[in-house]
Amino acid sequence: MTELALAGLLPVAPRPETDERLSSWLARIAAIYGLPVGALLAHCGLVRADPFALEKGLGAGEGALLAERTGLSPEAIEAMTFRELAAPAHRMIARGDRGICPLCANNPAIRRRDAALPWGFWCAVHGRRRRPLGGEAIEALFGAAALTELDPLARRGARRLGDWAAGRDDATPSVPDLLAFATAPHRRPSPPQLHEQPRLSLEARRAYGGFLDSRSPARRSWLSFLNTTGSRRRSPSPCGSALQGLADGSPLQNFALAAALARLTLAPVDYAAAALAAGDEEGRERLRAALETWPAGLRRRVHARFCALAAEKASARAGRVEPKGVSRRPVSRTPARVSSIPLRLVSGTPTRNLTNPAPNRGPRR
């Protein structure tokens, strides 16, 4: 290295940590000198550069400028970016962390690359499950028994999402096609209950109308989504909407999407037919529209399986028909109310007092 190159080096530039993203590393260097990140980039020759845009892909010569000032190789600079992700996956990169690893929390200044992706449920460095930044952890919502079944599915779905984002997935149906089917509404949404409505002002209700809508992804039940591989959305979801839902989803919703993606990958015919069987007429039309992008042979198998499920359901319903002439006694759904007033004071006919098991006598004369 020449004297001129040595003169341009920053006095102190820490080495990047394992899987650290470029914006995290630049922020740590800027903190040493008490500078904003933009000022540090301008000192390196990158005027008006956005670190978030840089880590999506460095332009010609930008990596070399950072290497000259920090002493790293251009390859090491590139390794901190998301260069392996294709352009359709760039929208899924979050500016901050989507979750926090319990061990990474000891050094919050370091942010890992996989923590910015919707499928980074486990830390690539420590192997620990990431906790959501807000709300309850997955372990608190579901027990160890449920996670024993769901974790392998979520890991498989996360691997396929990573392969698709890197352009290595060429299986059919594709990841966007499966996500479009998984997020299509299979039933007409039911109106929200009174206790489900948040206690907000009128202005807040108007501002958060999408959240208050029972069809919103923020309010859908992800357990039913896992069981039927369908969810409630406002309209049939094209591929772009499904991918945008993955980019904007919470860690819990993305965990459900990854598990549903794995189930559809392993047994597309069975789970697609089950979603059709669980839906109503309106929902089936949406699901069939989402199935149009699947191969024709696979669609025929789904239709045949759905017809078999519908026949089984009709046969089971016919077997439960009661013989003619036999009528069930109607069951009252009104809770019993025991009055403290004896019935003999109300009616003159002998009747049984609910507060006294002995029959009431007639009125005294």
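Which residues line the second largest pocket? In this predicted model, the lining is made up of P132, G134, G135, E136, I138, L141, S250, P251 and L252. Two elements, α7 (138–141) and α14 (251–266), each give two or more residues to that lining. The space inside the second largest pocket comes to about 160 Å³. Sorted by class, its lining residues divide into five nonpolar, three polar and one charged.

The largest pocket comes next, with a volume of about 410 Å³. It is lined by 20 residues, and D114, L117, W119, A158 and G162 are the closest to its centre. In this lining, ten residues are nonpolar, two are polar and eight are charged.

Enclosed space can be looked at in the same spirit. Rolling a probe the size of a water molecule over the atoms shows where empty space is left. A search of the whole structure turns up two cavities of 30 Å³ or more. The largest cavity holds about 130 Å³ of space. Of the 15 residues that line the largest cavity, R98, G120, F121, R130 and P251 are the closest to its centre. The elements that contribute two or more residues to this lining are β2 (131–132) and α14. Its classes are eight nonpolar, three polar and four charged residues.

P251 is worth a second look here, for this residue is found in the lining of the second largest pocket and also among the residues closest to the centre of the largest cavity. Helix α14 likewise gives two or more residues to the pocket lining and two or more to the cavity lining.

The second largest cavity has a volume of about 50 Å³. Around it stand D97, G99, I100, C101, C104, I110, R111, R112, A115 and R130. These lining residues divide into five nonpolar, one polar and four charged. R130 links the two cavities in the description, as it lines the second largest cavity and is one of the residues closest to the centre of the largest cavity.

Attention now turns to a helix and its surroundings. Helix α16 spans residues 281–291, and its buried residues are G283, R284, R286, L287, A290 and L291. Seen down the axis of α16, these buried residues fall within an arc of 160°, so they line one face of the helix. The general geometry helps in picturing this: an α-helix has 3.6 residues a turn, so residues three or four places apart point the same way. The cover over the buried residues of α16 includes α9 (175–182), α15 (268–278) and α17 (296–319).

A few features of the backbone round off the picture. Most residues other than glycine have a negative phi, and most peptide bonds are trans. Against that background, the peptide bond from T172 to P173 is cis, with omega near -5°. P173 sits in the loop between α8 (144–165) and α9, and α9 is also among the elements that cover the buried residues of α16.

Positive phi values appear at two places described here. D19, although not a glycine, has a positive phi of about 60°, and this residue belongs to the loop between α1 (3–8) and α2 (22–33). R48, another residue other than glycine, has a positive phi near 55°. The loop between α3 (37–43) and α4 (51–56) is where R48 is placed. Is R48 buried or exposed? With 81% relative accessibility, R48 counts as exposed, because the cut-off for that word is over 50%.

Methods: Residues are numbered from 1 along each chain as its sequence is written. This is a predicted model: local features need pLDDT of at least 70, side-chain atom pairs count only at pLDDT 80 or more; totals for chains, interfaces and linings use all residues. Side-chain values use heavy atoms; hydrogens and water are left out. Buried means under 20% relative accessible area, exposed over 50%, partly exposed in between (1.4 Å probe, protein chains only). Helices (H or I, at least four residues) and strands (E, at least two) are DSSP runs, numbered from the N terminus. The arc is that of the directions from the helix axis to the C-beta atoms. Contact means heavy atoms within 4.5 Å. On a 1 Å grid over the protein atoms alone, a cavity is a set of points where a 1.4 Å probe fits but cannot get out, and a pocket is an open set with protein on both sides within 12 Å along at least five of seven lines; lining residues have an atom within 4 Å of a point. Grid points are joined across faces, edges and corners, and a volume is the space filled by probe spheres set on the points. Ala, Val, Leu, Ile, Met, Phe, Trp, Tyr, Cys and Pro count as nonpolar, Asp, Glu, Lys and Arg as charged, and the others, Gly among them, as polar.
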